[in-house]
Amino acid sequence: MYKKKKFLALIPARGGSKRVPKKNLIKLNGKPLVAWSIEAALKSQYIDKVVVSTDNSDIAKISKKYGAKVPFKRPKKFATDNSSKSDVINHIIQFYKKKKLQVFDYIVYLQPTSPLRDEKDIDKAIRLMFKK
């Protein structure tokens with residue numbers, strides 16, 4: 001059932017963190033933090049596209065290097081301390097809807113600050129979602 005559905009992995013990685021500036025670029029075991037989520041999503045057997053939503057050109061460059069798509073620079077109004085996850089998710093939905101690029105059945109929201117989550121965890125969560 002879920003193999004026929006379209007999954008978009010959305011990785012939110014803004015550049016402006018008040019506590020740890022550019023935390024998504026900090027290296028963990030030799031790779032930028034954002035790279036761990038990108039690689040896990042790309043290895044998932046269900047994810048069709050991996051997109052990083054960012055307001056930062058350095059994060060965009062690194063994200064592309066690791067294989068993610070960065071189709072736009074996130075607008076400032078969705079890249080503040082007060083921006084919600086819903087704002088970021090709705091922005092990506094509206095982007096794909098407006099551009100008529102692709103339709104996704106599900107969005108898998110993968111925060112870069114969870115680098116220990118791998119493709120097995122993503123796939124298990126997707127299967128569990130359909131089972132429950």
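**Entry 1. Valine 88**

I began with valine 88, which is found in helix H3; helices (H or I, at least four residues) and strands (E, at least two) are DSSP runs, numbered from the N terminus. The model is predicted, so I noted that local features need pLDDT of at least 70, that side-chain atom pairs count only at pLDDT 80 or more, and that totals for chains, interfaces and linings use all residues. Residues are numbered from 1 along each chain as its sequence is written, and side-chain values use heavy atoms, with hydrogens and water left out.

Valine 88 has a relative accessible area of 4% and is therefore buried (buried is under 20% relative accessible area, exposed over 50%, partly exposed in between, with a 1.4 Å probe and protein chains only). I listed its contacts (heavy atoms within 4.5 Å): not counting residues up to four places away in sequence, valine 88 touches Leu10, Pro12, Ser53, Arg74 and Phe78. The C-alpha atoms of valine 88 and arginine 74 are separated by 8.4 Å, with their positions 14 residues apart along the chain.

**Entry 2. Aromatic pairs**

I searched the whole structure for aromatic pairs and obtained seven. Rings of Phe, Tyr and Trp (its six-membered ring) pair if their centres lie within 6.5 Å; planes under 30 degrees apart count as stacked, over 60 as edge-to-face and the rest as tilted.

I looked up phenylalanine 7 and tyrosine 46, a tilted pair at 6.4 Å centre to centre with 50 degrees between the planes. This pair links distant parts of the chain, 39 residues apart: phenylalanine 7 is in strand E1 (residues 7-12), and tyrosine 46 is in the loop between helix H1 (33-43) and strand E4 (47-53). Phenylalanine 7 counts as buried because its relative accessibility is 1%; tyrosine 46, at 6%, is buried as well.

I then took tyrosine 96 and phenylalanine 104, whose ring centres are 5.4 Å apart with planes at 90 degrees, so the pair is edge-to-face. Tyrosine 96 is buried at 6% relative accessibility, and phenylalanine 104 is buried at 16%. I also recorded one aromatic cluster formed by Phe7, Tyr46, Tyr106 and Phe130.

**Entry 3. Surroundings of tyrosine 96**

Tyrosine 96 lies in helix H3 (residues 85-99). Leaving out residues up to four places away in sequence, I found tyrosine 96 touching Leu8, Lys49, Val51, Pro71, Leu101, Gln102 and Phe104. Proline 71 is 25 residues from tyrosine 96 in sequence, and their C-alpha atoms are 9.8 Å apart.

**Entry 4. Helix H1**

I listed the buried residues of H1 as Leu33, Val34, Ala35, Ser37, Ile38, Ala40 and Ala41. They pack against E1, strand E2 (27-28), strand E3 (31-32), E4, helix H2 (57-65) and helix H4 (119-131).

I noted that lysine 31 lies over the face of tryptophan 36, at 3.7 Å from the ring centre; a charge sits over a ring if NZ of Lys or CZ of Arg is within 6 Å of the ring centre and within 35 degrees of the ring normal.

**Entry 5. Asparagine 29**

Asparagine 29 lies in the loop between E2 and E3. I recorded its phi as near 50 degrees, a positive value in a residue other than glycine. At 69% relative accessibility, I entered asparagine 29 as exposed.
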